[in-house]
Structure formats: C-alpha cells, structure tokens
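Please open the model in your viewer and keep the selection panel at hand. The tour below proceeds by selection, and each stop states what is to be found there.

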2 protein chains.
Amino acid sequence: MNQIDCLERLVNKFSSLPGVGKKTAQRYAYFLLTQSADDVQDFAAAMIDAKQTIHYCKVCGNFTDKEVCSICARPNKEPVVCVVKEPKDVTALEKVRDFNGSFHVLHGVINPLENKGPNDINIKSLLTRIGEEGIKEVIVATNPDVEGEATAIYIANLLKPLGVTVTRLAQGVSMGSELEYTDAVTLSRALSNRKQI
Amino acid sequence: MNQIDCLERLVNKFSSLPGVGKKTAQRYAYFLLTQSADDVQDFAAAMIDAKQTIHYCKVCGNFTDKEVCSICARPNKEPVVCVVKEPKDVTALEKVRDFNGSFHVLHGVINPLENKGPNDINIKSLLTRIGEEGIKEVIVATNPDVEGEATAIYIANLLKPLGVTVTRLAQGVSMGSELEYTDAVTLSRALSNRKQI
C-alpha cells in the first residue's frame, strides 16, 4: 500500500512472532492502530515490564520474577525432578495436579543438525541439583521426537552412575484419539507397552 | 503455572489481538521473553511509534503518516472512488495494479444489530469529495455479506440524485476455486451474471 515506514516496521516486528506470517502481522498491526493510544502504550509497557522483571529461576531454569520460582520454593516436594525442554512444557505439566515434584528446564535439546551439544543446554545444574536436593528420580519429559529421545538417552547415561532412577513419560495412544488415525510408530509403542487390566 | 503477574498481563494483551486465544498469546509472550532486551524494547517502540505517527488521511480516511495519504496525493487519478469498509481492504485492492482511482474508507458498515447507522461511518465526507473532486463513478467494494450489501444499497440511493454512477464489485466464482466446493448463493450469482465469451 502507501508504504508507511513505521507501519512496515510494526508489521515486521509482529511477523517475528512464532507462526505469524505477513498477513496476520498486518492484521495485528491494523488492529492496534484502531485501539486507543493508552491501550497501545499499555501493551508496550507490558512487554518491557515482562522482559525486565522475568528471568530464569536459578534452581530449575523456569521463568520467574523472583530469585527462585514458586514451584522450586514449594515446601514438601517429592524428590522427583521432571526434565523438560522449555518453560511452556512446565505450564503444560503443571496442569496435571497429581505431580508434586519439581521441574528442570533444559532450554533446548541436543540437536547435532543445529550444532547444539550437551554443553549448550541446561544440564550441568541438573547434576548439581541431584546431589544437593537428594533427588531420587528424574523423569525425562522431553518431546517424543528424535532430538527429545536422544537427549533423554544422554541424560539417562549421565545420571545412572549417580544411582538415580531415570524414567521417561509413557508412550501410547492419546486419550480421546481414534486408532484409525493414530500413526504406526505410536501404535507399535502402545502395543509393546500394553498393560494388564 | 506459577502465576507471574507481569507475564499474565502480557499474555492478556496478546489475547486482545484478533484471532489470538490464550494458548497462542502465551506462545507469543514466551517467545518475547527469549528475545534480547533490546529487541523487546524495539518492538514496544515500534508499537508506540506507529500509533503516534499514523492517523487517518483527511481526504479518504485511510491510514497515513502525512496529512493526505500517498494514494490521494497521486497526480492524474481517474475520477473514480472505490469505497471500502476498512484500511486493510485498501491494501488488498492496491495489489490490483490496473485501478488508478482513489479510495474512501468507511471504517465500518451499516449494522443495525451493532447499533451502527449511516452517521457512524465515514459517509458524509464521501459526499463532499464527489462535489469537490468531480467524481464520475463510485465503486462500492464493501464485503459481499448482509451488512456490506445493505451499506452498498444505502450509498447507491444517496448518490444517485447527484448524477454519479454507482457500481458494485462483480460477484461470481473465485479464480482457482472448485465448483464442487462453491456455495449455492455464489453459484447462483455467477450464473445470473454470466458473460458471453
């Protein structure tokens, strides 16, 4: 259209968000322009505020606005650590009310194609925690894909000498899914991990 | 998760964008937190900057950072005005290179259900323009839905006494679409508006 530089800039910023293309970014930008100046100011302030206030928990690596996140600060936790790839995985697992352990965020997985080795993710502090917190079990809850599996195996090999039980999330058919549309690998895992009822 | 107030606030802000639910908003917020402080600052500045700089063109009502937008300022325009609902419709129509007229943005359509009458949209200045600019034809390019059609008819009745030709975008099957999946109303319009080849 009529090339407005600052509009272009805003559209480009929105396009940088995950999963947002040029058209969606434009939609967001146009929407913002129809909002009041105060609302836009508020939105911008919320961004800066969040970025300034939120950092990684020094224990588990999850997002927090305190030194130690509220999950790590919980009293009477079980000595179980659930290792995940990203903070959003913590959000997902926190919805499962019956887990009372703590989390450990790797901030990535081992991925040779992207030149990401064990030293590029948050594994070292996991080792420290196991000693300090007397962790008995580590549940590796990385995604069930190639990189997630590789990272899980790496962590298992690393921790076994320390006498910690290392487990992995069960794999099988998801609740509410239909067998007809379930992929062969998932079905094969579901079959081999079958349980007596 | 661990209720971080400023994160909640940012997620809520993102949720206010059109078509963005809680989960997508969370994804955007988490992504922003992984960006550098400078990048986030830049994004926020782009928002405020765009909102401060961009306003409506005093002639056509489109977004612009000048007094008159670049389309209205073009020399040797045809005396044809294309009336649209929103600025993003101008963007869409500007991609059609062979239209050399100007635009007029209504900023809405007549919608009794939302209590929006003719006085709530940018129609008055269209009447002024027709006299001042010697407009010969008005193409009403509001969306082909109930409100868009009603607005088109209202504008046509308003302008006919002024001796202006009022036209409407042609309706028919879209390029590349499949007849099988085209709705009955569209097919009926396409049939009744058929052209000799």
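Begin in this predicted model by selecting strand β5 (residues 137–140) of chain A together with strand β6 (residues 165–168) of chain A; the two pair in the parallel sense over four bridges. Within this pairing, A:I139 stands opposite A:T167 of β6(A). Now add helix α6 (residues 146–159) of chain A, through which the chain crosses from β5(A) to β6(A). This β-α-β crossover is right-handed.

Next, keep β5(A) displayed and select strand β3 (residues 80–84) of chain A. Strands β3 and β5 of chain A also pair in the parallel sense, over four bridges. To locate one of these contacts, pick A:V81, whose bridge partner in β5(A) is A:V138.

Now display both chains. A turn of 180° with a shift of 0.1 Å along the axis lays chain B on chain A with an RMSD of 0.1 Å. That is the relation of a two-fold axis. To find the axis from chain B, select B:A44: its C-alpha is the nearest to the axis in that chain, at 2.2 Å.

Turn then to the interface. Select the residues of chain B in contact with chain A: there are 53, and they meet 53 residues of chain A. The two chains bury about 5,100 Å² between them, with 70% of that area on carbon and sulfur atoms. Of the interface residues of chain B, 100% are also interface residues in chain A, so the copies meet through the same surface.

Which residues do ring pairs link into a cluster? Select A:F14, A:Y28 and A:F43 along with B:F14, B:Y28 and B:F43; ring pairs join these residues into a cluster. Over all chains, a search of the whole structure finds eleven aromatic pairs.

The last stop concerns charged side chains. Side chains of opposite charge can pair when their charged atoms come close. The structure holds 18 salt bridges over all chains, and four are found across the interface of chain B and chain A. Select A:D49 and B:R9, which form a salt bridge with their closest N and O atoms 3.3 Å apart. A:D49 belongs to helix α3 (residues 37–53) of chain A and B:R9 to helix α1 (residues 5–15) of chain B, so the pair joins two chains. Finally, select A:K13 and B:D42: this salt bridge has its closest N and O atoms 3.5 Å apart.

Conventions:
Residues are numbered from 1 along each chain as its sequence is written. Chains are lettered from A and ligands numbered from 1 in the order in which they are written. This is a predicted model: local features need pLDDT of at least 70, side-chain atom pairs count only at pLDDT 80 or more; totals for chains, interfaces and linings use all residues. Side-chain values use heavy atoms; hydrogens and water are left out. Two strands pair if DSSP finds at least two bridges between them. A crossover is right-handed if, with the strands pointing away from the viewer, the path from the first strand over the helix to the second runs clockwise. Copies are superposed by least squares on the C-alpha atoms of residues with pLDDT of at least 70 in both. Contact means heavy atoms within 4.5 Å. Rings of Phe, Tyr and Trp (its six-membered ring) pair if their centres lie within 6.5 Å; planes under 30 degrees apart count as stacked, over 60 as edge-to-face and the rest as tilted. Buried area is the accessible area (1.4 Å probe) that two parts lose on being put together, summed over both. A salt bridge is a side-chain nitrogen of Lys or Arg within 4 Å of a carboxyl oxygen of Asp or Glu.
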